[in-house]
Structures are given as structure tokens and as C-alpha cells.
Amino acid sequence: MGSPDHDVGRQRWALVDLYDRALPEVHGYLASRCRSDALAEELTAETFMAAVNAVKRETVSDLTVAWIIGVARHKLVDHWRRQERESRAFRAIAEPVDEPANDEWDVHLESMVALETLAALGAHHRSALTLRYLDGLPVRDVAVHLDRTVGATEVLLVRAKAAFREQYEALTRESGGEQQ
Amino acid sequence: MTDPFEALRSPYEPRPPREEFARRLRARVVAALGLDDGESIPTITLPERSRVMPATILPTTPTTPSTTATEVTPYLTVAGAAAALEWYSEAFGAVEEFRVVGDDGRLGHAEFTIGDARFMLADEYPEIGLPSPASLGGTPVALHVSVTAVDALFDRAVAAGATTLRPPADQPHGARHGVLVDPYGHRWMLSQPLEAFDLDTYRRRSEGTGYRVVASGKAGPLAGATAARRRARGGIWAAVFYRDALAGIRFLVDVFGFEEQLVVTGPDGRTVVHSELRWPEGGIVQAGTYDPANVYALAPGQQGLYVITADPSSVWERSQAAGLDVVRSPESPDYDPGGLTFSVRDREGNLWSFGSYGLQTD
């Protein structure tokens, strides 16, 4: 029912509706994953402006909260990619070549320390762990987001977990020392 | 063993950003979507229509033009307007509001009230065709005034010099009234409502009087209950909100048939801070600009209004021509078997139901 122009207008207003409805969700999602209010706001803005472009290109079939969270996830990954490119020069060029001998790690993660640990990791490790574990995405979806093959993603995850473990244990040792 | 990393799983909690940020980003989104630009406001294809909205036409009289009249004010011509003002004050307790005095001493215009009823008055101006009853030798029009104590007022007027035509008496239509002629030749029918107006009762009481009461079938059952309606001074005005209220008002006028009574915009010329849109058959809708910071403004799409009209079909045809989303096609509801009702959503999602609820006569 209605002319195409009419429908286009309707979808634009639907996005404004979605903004009113989903803004706290999008911001909440991003804020919980980037630990900086300024960055969360920046990415929130990027998310909705990307949504505007998608609606204008008429490539969106369903304006839902799930969809806009997906857009936010893309923006988060894009941010990490930028960060990774910028920091590449300062990072050791060689990834540890040796696979960790034992991927099993029997520990109960302290969530505050864990988040601090994540923040201290390189962007590539942080993004892989966030998508895989905080967001709970299956490996193949993490691979799509990071634009890697599933195999490369699995390798990256193993390395990220090793880096996480090292950082986590260093942090818990420090805080343990303070307590004494 | 379970992967300890699974403990990192953190479903996020909704958390609104700073209000200032939210407002600015919203404005960016709206602007980027081109929605603030008047040119890209979604337009509706309007059906051809006459300036007279069919919504106001009663089904049995399709050629009767609509009227938006809400008030009739008698405008009296008297020989000696200034003296007449004094006499009306003495006889009826009239209160003069103002007078417009001509260079020649005649009153070009004056206004007074008796209770809540308003009157206008002027001297004779034969040169422009305004003779008074004194010059004409009588008047064909009576001034029917509803009053609260007809006997006392009638006596007072007669004491002031009025001529009795018929003294107050109970009438079969449920009022007690008397007729007098004032010293300036105007005929007054002072009428005190005693009971609810009811055509059936009137018809029964009129048997054998030489008169038959015949309902026109063209008006609602309340059409004759002028006294009862005059007493009902309250009212409920509905409010409805739009992101683009000017477009919303244009829509309500062009498609549904509301009439602009008042539209007040803010300094930006686009924000509607107050409006009164009159439904020709009665009722006011206030359309305003949706503002999340305004506690009175529900988001568009959260409101539903019912509009009562004797002719839902015409509104339905225009709604269809405008391509509105249909929530309920026209049907006769159980509670109003002879009636017709339908529901549509306007461009911003507000729900509108039109129906002839309870308007049917026998």
C-alpha cells in the first residue's frame, strides 16, 4: 500500500523510531566493551550514521534492535582494526610462533580483572576475545567480523587467550602483592 | 572441563548516553535522513476534494453544504439604540459591553449580554437598508432565550414596559415559556427548560392538538435538545503528537477533514507548541510537535483517537486514496449494528478510528 516514495519516508521515520527505542541498547553494548565513555559515544554515533546510510541505500529489510546491535558490533571491530593499524609499528612484529603447549587453563576469571586484562591487550587479541567470549559469537562469525578465515581465527584465538592468560596472571600477581 | 573464558560472556545492559549527546545525535540522524527538510517530508497523494468536506454531510442530505457555525448572535436594529440598551438592562438585566457612537449620535454598533447570551445592536440606518420593527410595523423573528426562572424575568420585563403576547405556560415539549414584545418592537420568547427534550414524548403529547410531530430523520437524537446542550459547557480535547507536526496538521486537514482553528508555532516556525483542529461535527484535536523532553507528549504511534462522524464512508474513501495503513476495514460493530466504523494509522503511526457510533436515529 502506498507509493514507493511513501514507503521510503516511512522507513526513514522507522529508523528515527528505532533510534528512540534502541539508543540505550546500542550505547550500553558499546560502553560495556570499550571502557571509555567518549569512545562509546563516538561509536554510538558512527553506528547510527551507518544505519542512516543503510536506510538511504534501501538495503535494510528489518529495522530491529538486533540489526542495529549488529551494526554496532561492526563499528566496534572497525575501531579495533584502526587501532591495530596505528599500533602495528609499535608491536613486536613476530607473533609468538610456538603454540601454547596447553590450552587448558583452570581458573575462575575475576570479571573486573578480566576486563582490565582485555583492555591491556593488543587490539587484534581484544577484538577476537570480545567477539568470541563477551558477545558469545561462534568462531565462524568471529572470522567473518575480523575478515579472516576460520583457521586463521582459531589460531588468533589461541594466541589471544595465551596473551590474555599471561596478562591476567601478571595483574593478579600485582594485586596480590598490594594486598600483603 | 569448561573453558574459563566462557566466564567472560557479558550480555550488555541498556545504558542511555548523556542526554545532551542523545539529543544532538538524534538531530544529526533526522537531518541526515533528510526528514527536517521540508522538501523531503514524506508526501501523501491527496484525492481531489472540494473545499467543503464531505465528512460534515449527513448521509440523508448529501446536497446540504457543511457549516462550521458554532454560535448565532442576534443583531437587533432599534429606533433609539441608546435608550434600548438602558431598557434591556432594566427589563432583562442586560450588561452592556461597549458601544460605537457615530458622529450623528446614532449607535453604529453595540454589544451586550444577558446571562451567557450575547446580542448585538445598532440604530436604524434606513439609508443602508436597516429598518427597525417600529418602521416595519412588526418583526418576523422571535428571540428565543433560555432562562432559569421564566416567571420572574417575564414579570420584570412587563413591569418595565413590555407587552405580553402569551404569559408563561408549560409546553408539551418540556419547557415553560412566555412571549412578549419589547417597547422597540422585538419579540422575545423566554423559555425555561423543565424536563429533558424527547421527540417521542412530544409526539404523544401533541396528539389531538391539531399538530403532528414528525422527526426529520436527518439529525441525531440530541438535535432538538438545545437547552441541554447549552448547559453542557465542558469538553474533552484530545492531543496527538507528530515529529513533523506541520505536516501532521496538513494531513489531518486534507485527508481527514479537520479544520484549522489555531496553530501556534515556536520561534523556529516548525515546532507546533499549540494547535486547535476542529472536527466539523464537534470536538477539538490538539496536534503538537513530539519532544522526548516533554512529559505530555507521547511518542507518535502511541495514541489512538476516536472520531464520531455521521459519514465515515467519505473519510474512509479519502484515507484509502491517501494510502493509509488499514487497521480495521469498515464494518458494523456489534454494539452499533446500523453504524459503520474503521481504523487507520496516519503517516506517523497514530491510530485513528472513525465511526458513526450511536448517531443513528430510528
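Select H2(A) and H1(B): these two helices are roughly parallel to each other, because angles under 35 degrees count as roughly parallel, over 145 as roughly antiparallel, 65 to 115 as roughly perpendicular and the rest as oblique. They pack at an angle of about 20°, and their axes are 10 Å apart. Axes here are lines fitted to C-alpha atoms, for helices over the stretch in contact, and angles run from 0 to 180 degrees between N-to-C directions. Helices (H or I, at least four residues) and strands (E, at least two) are DSSP runs, numbered from the N terminus.

This is a predicted model, in which local features need pLDDT of at least 70 and side-chain atom pairs count only at pLDDT 80 or more, while totals for chains, interfaces and linings use all residues. Residues are numbered from 1 along each chain as its sequence is written, and chains are lettered from A and ligands numbered from 1 in the order in which they are written.

**The helix pair**

Stay with the pair and look at the crossing of H2(A) and H1(B), which is right-handed. A crossing is left-handed if the near helix is turned anticlockwise from the far one by less than a right angle, and right-handed if clockwise.

Now show the side chains. On H2(A), select A:Glu41, A:Thr44, A:Ala45, A:Phe48, A:Met49 and A:Val52; on H1(B), select B:Phe21, B:Leu25, B:Val29 and B:Ala32. These residues make the contact, where two residues are in contact if their C-beta atoms, placed from the backbone, lie within 7 Å. By class, the contact of H2(A) with H1(B) has 8 nonpolar, 1 polar and 1 charged residues. Ala, Val, Leu, Ile, Met, Phe, Trp, Tyr, Cys and Pro count as nonpolar, Asp, Glu, Lys and Arg as charged, and the others, Gly among them, as polar.

**The whole contact between the chains**

Widen the selection to the contact as a whole, which takes 39 residues from chain A and 33 residues from chain B. On the side of chain A that touches chain B, the elements giving two or more residues are H1, H2 and helix H5 (123-134) of chain A. H1(A) supplies the largest share of that side, 18 residues. Colour the residues of this side of chain A by class: 20 are nonpolar, 10 polar and 9 charged.

**The cores**

Which residues have the most contacts inside the largest nonpolar core? Select A:Leu15, A:Tyr19, A:Leu30 and B:Val29, in a core of 26 residues. Helix H1 (4-34), helix H2 (37-56) and helix H3 (65-87) of chain A, together with helix H1 (19-32) of chain B, each give two or more residues to this core. H1(A) gives the most, with 11 residues.

A nonpolar core is a set of buried Ala, Val, Leu, Ile, Met, Phe, Trp, Tyr and Cys residues joined through C-beta atoms within 7 Å. A residue is buried if 20 or more other C-beta atoms lie within 10 Å of its own, exposed if 12 or fewer, and partly exposed in between; C-beta atoms are placed from the backbone.

Centre on A:Leu15. Leaving aside neighbours within four places in sequence, A:Leu15 is in contact with A:Ala51, A:Val52, A:Val55, A:Leu63 and B:Leu33. Apart from this core lies another, of 24 residues, with B:Ile249, B:Val307, B:Ala322 and B:Leu324 among them.

**Chain A alone**

Hide chain B. Chain A has 7 helices and 0 strands, and 33% of its 180 residues count as buried. Among its contacts between residues at least 6 apart in sequence, 69% join residues at least 24 apart.

Is A:Ala114 buried or exposed? This residue of helix H4 (residues 111-120) counts as buried, with 22 C-beta neighbours inside 10 Å. Bring chain B back to see what A:Ala114 touches: A:Leu109, A:Tyr168 and B:Leu8, not counting residues up to four places away in sequence. Between the C-alpha atoms of A:Ala114 and A:Gln167, 53 residues apart along the chain, the separation is 9.3 Å.

Go next to A:Ala54 in helix H2 of chain A. A:Ala54 counts as partly exposed, with 16 C-beta neighbours inside 10 Å, and touches A:Thr59 and A:Val60, again without residues up to four places away in sequence.

**Two loop residues**

Most residues other than glycine have a negative phi. Select A:Glu58, in the loop between H2 and H3 of chain A, where phi is positive, near 60°. A:Glu58 is exposed, with 11 other C-beta atoms within 10 Å. Finish at A:Asp147, in the loop between helix H6 (139-146) and helix H7 (150-179) of chain A. Phi of A:Asp147 is near 60°, a positive value, and A:Asp147 counts as exposed, with 10 C-beta neighbours inside 10 Å.
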